[in-house]
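User: I should like to learn how to read individual features of a protein model. Could you guide me through some examples?

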Amino acid sequence: MTTRLMKCYYDGDENKYPKEELHEFHGKNYCLPHYNLKVQEDRDRTKLYAMIRRYYHVKYPTGLMMGQIKKFQTVNGYTLAGIAETVDYMASLSWVAMDETKGLGLVPYLYEEANNAKTQKLAQVADMKKVPIQSTITVDKNKFNGQGTIKAKKFDFGE
């Protein structure tokens, strides 16, 4: 008995898979790589909408904002996570007024700057982890013999 082959919603009719290899997401079947892609995209979209709600004080992004998001993705090649980071960065700038009537119009002008700021912040966190811890070690004078050498003894410096 042969199993029925089904298509991945993302692939269309290009590839067909056995039903056991497909994963369902929002009522549509996806192969594993595209399933992971859709789940990540859904998380990023949820994060972006939460940022818009928080900073623009709206319940849901306006039609203007939705159109701008779509344009940023298709024309500019921006990611949803990158747009969300840019909105968060815009909110931290004192000269930016978060006005829902203007939408996300400043995102293209600040996208690279926000990306660079995030990269610098991650680099600083990584550098902080690399900083050696300084400690002071005291040695008792009785540990030395008459010639000024240390007696054969192992020291544990906590490494």
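Analyst: Let us begin with surface exposure, remembering that this is a predicted model. Pro33 has a relative accessible area of 57%. A residue counts as exposed when this value is over 50%, so Pro33 is exposed.

User: In which helix does Pro33 lie?

Analyst: Pro33 belongs to helix H1, which covers residues 32-56. One distance helps to place this residue: its C-alpha atom is separated by 10.0 Å from that of His23, and the two residues are 10 residues apart along the chain.

User: Is His34 buried or exposed?

Analyst: The cut-off for a buried residue is under 20% relative accessible area. The value for His34 is 15%, and therefore His34 is buried. This residue is also found in helix H1.

User: Which residues does His34 touch, not counting residues up to four places away in sequence?

Analyst: With those sequence neighbours set aside, His34 touches Cys8, Tyr10 and Asp11.

User: How should I read the backbone angle phi?

Analyst: The general idea is that most residues other than glycine have a negative phi. In this structure, His26 has a positive phi of about 55° although it is not a glycine. His57 likewise has a positive phi of about 55°, and it is not a glycine either.

User: Where are His26 and His57 placed?

Analyst: His26 is in the loop between strand S3 (23-25) and strand S4 (28-30). His57 lies in the loop between H1 and helix H2 (63-76).

User: Why do His26 and His57 count as exposed?

Analyst: The reasoning follows the cut-off of over 50%. His26 is exposed because its relative accessible area is 59%. His57 counts as exposed because its relative accessibility is 68%.

User: How is a pocket to be described?

Analyst: One may ask how much space it holds, which residues line it and what their classes are. In the largest pocket there is about 220 Å³ of space. Helix H3 (80-92) and helix H4 (107-130) are the elements that give two or more residues to its lining.

User: Which residues line the largest pocket, and which element provides the largest share of the lining?

Analyst: The lining consists of Glu85, Asp88, Tyr89, Ser92, Ala114, Ala117, Lys118, Lys121 and Leu122. H4 provides the largest share, with 5 residues.

User: How many residues of each class are in that lining?

Analyst: By class, the lining of the largest pocket has 4 nonpolar residues, 1 polar residue and 4 charged residues.

Terms used:
Residues numbered from 1 in each chain as written. Predicted model: local features only at pLDDT ≥ 70, side-chain atom pairs only at ≥ 80, totals over all residues. Heavy atoms only, no water. 1 Å grid on protein atoms, 1.4 Å probe; cavity = no way out; pocket = protein on both sides within 12 Å on 5 of 7 lines; lining within 4 Å. Points joined across faces, edges and corners; volume = space filled by probe spheres on them. Helix = DSSP H or I, 4+ residues; strand = E, 2+ residues; numbered from the N terminus. Nonpolar A, V, L, I, M, F, W, Y, C, P; charged D, E, K, R; others polar. Buried < 20%, exposed > 50% of the residue type's maximum accessible area, 1.4 Å probe, protein only. Contact = heavy atoms within 4.5 Å.
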